[in-house]
Amino acid sequence: QVQLVESGGGLVQAGGSLRLSCAASGRTFTRYTMGWFRQAPGKERDFVAAISRSGGSTYYVDSVKGRFTISRDNAKNTVYLQMNSLKPEDTAVYYCAADPSPLRTIVHVTPKEYDYWGQGTQVTVSS
């Protein structure tokens, strides 16, 4: 089992940047594919990015490609989401998630694929 704690959210103007962090408990962090999702008020939880166990493979939703970067530091049990050129439509609660199976882009874009979730961190982008 793994526990996830997100941090780094906040209020930023359009065009600005934020870096989200997700710290994982336990000594088995390298066993997990990690993902970031976001949920705006009244909307479903949507996929943002995922990263393989080693960090060698990443996958993004089209709307954030070129602006967001997912990375992980397995020595620190932490996954990051660097968000640049933020837009008002990026406003949402951002969640990190962990799944013990290898990264498969066809399935790791859906929330139900992930076994563990953090509590979320709010990102608000003002226009």
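**View 1. Who sits around methionine 83.** Skipping residues up to four places away in sequence, Met83 touches Gly16, Ser17, Leu18, Leu20, Arg67, Phe68, Tyr94 and Val123; contact here means heavy atoms within 4.5 Å. A note on what you're looking at: this is a predicted model, where local features need pLDDT of at least 70, side-chain atom pairs count only at pLDDT 80 or more, and totals for chains, interfaces and linings use all residues. Numbering runs from 1 along each chain as its sequence is written, and side-chain values use heavy atoms, with hydrogens and water left out.

**View 2. The largest nonpolar core, and another one apart from it.** Which residues of the largest core touch the most other members? Out of 28 residues, they are Met34, Trp36, Leu81, Met83 and Tyr94. A nonpolar core is a set of buried Ala, Val, Leu, Ile, Met, Phe, Trp, Tyr and Cys residues joined through side-chain atoms within 4.5 Å. Buried is under 20% relative accessible area, exposed is over 50%, and partly exposed is in between, using a 1.4 Å probe and protein chains only. Strands S3 (18-24), S4 (33-39), S5 (45-51), S7 (68-73), S8 (78-83), S9 (92-99) and S11 (121-126) each chip in at least two residues of this core. Strands are DSSP runs of E, at least two residues, and helices are runs of H or I, at least four, numbered from the N terminus. Separate from this core lies another, of five residues, including Phe37, Ala50, Ala97 and Tyr114.

**View 3. A four-stranded open sheet.** The strand order is S1-S3-S8-S7, with antiparallel pairing; two strands pair if DSSP finds at least two bridges between them. Strand S1 (4-7) and S7 are the edge strands, each pairing on one side only. On average, neighbouring strands of this sheet are turned by 15° against each other, direction ignored. The axes behind that angle are lines fitted to C-alpha atoms (for helices, over the stretch in contact), and angles run from 0 to 180 degrees between N-to-C directions.

**View 4. S3 with its partners S1 and S8.** On one pairing, S1 and S3 are antiparallel over four bridges. Leucine 4 faces alanine 24 in S3, while valine 5 stands opposite alanine 23 in S3. On the other, S3 and S8 run antiparallel and are joined by six bridges. There, leucine 18 stands opposite methionine 83 in S8, and Leu18 also turns up among the contacts of Met83. Is S3 mostly covered or mostly open? Mostly covered: five of its seven residues are buried.

**View 5. The disulfide between cysteine 22 and cysteine 96.** Searching the whole structure turns up one disulfide, defined as a pair of cysteine sulfur atoms within 2.5 Å. Chemically, a disulfide is a covalent bond between the sulfur atoms of two cysteines. The S to S distance between Cys22 and Cys96 is 1.9 Å. With 45° about the S-S bond, the Cys22 and Cys96 link is right-handed. Cys22 sits in S3 and Cys96 in S9, so the pair ties together parts that are 74 residues apart in sequence. Both cysteine 22 and cysteine 96 are buried.

**View 6. S9 and the strands it pairs with.** Seven of the eight S9 residues are buried, so S9 is largely enclosed by the rest of the structure. S4 and S9 pair antiparallel over seven bridges, and methionine 34 has alanine 98 in S9 as its bridge partner. S9 and S11 pair in the antiparallel sense over three bridges, with valine 93 opposite glutamine 122 in S11. S9 and strand S10 (116-117) run antiparallel too, joined by two bridges. In that pairing, alanine 97 faces tryptophan 117 in S10.

**View 7. Two buried loop serines, Ser52 and Ser101.** Serine 52 is in the loop between S5 and strand S6 (58-60). Ser52 has a relative accessible area of 10%, and beyond four places in sequence it touches Ser57, Arg72 and Leu103. Serine 101 is in the loop between S9 and S10, with a relative accessible area of 17%. Which residue shares a side-chain polar contact with serine 101? That's aspartate 99, at 2.2 Å. A polar contact is a pair of N or O atoms within 3.5 Å; within protein, one must be able to donate a hydrogen and the other to accept it, and residues adjacent in sequence count only if both atoms are side-chain atoms. Neighbours within four places in sequence aside, Ser101 is in contact with Thr33, Arg53, His108 and Glu113.
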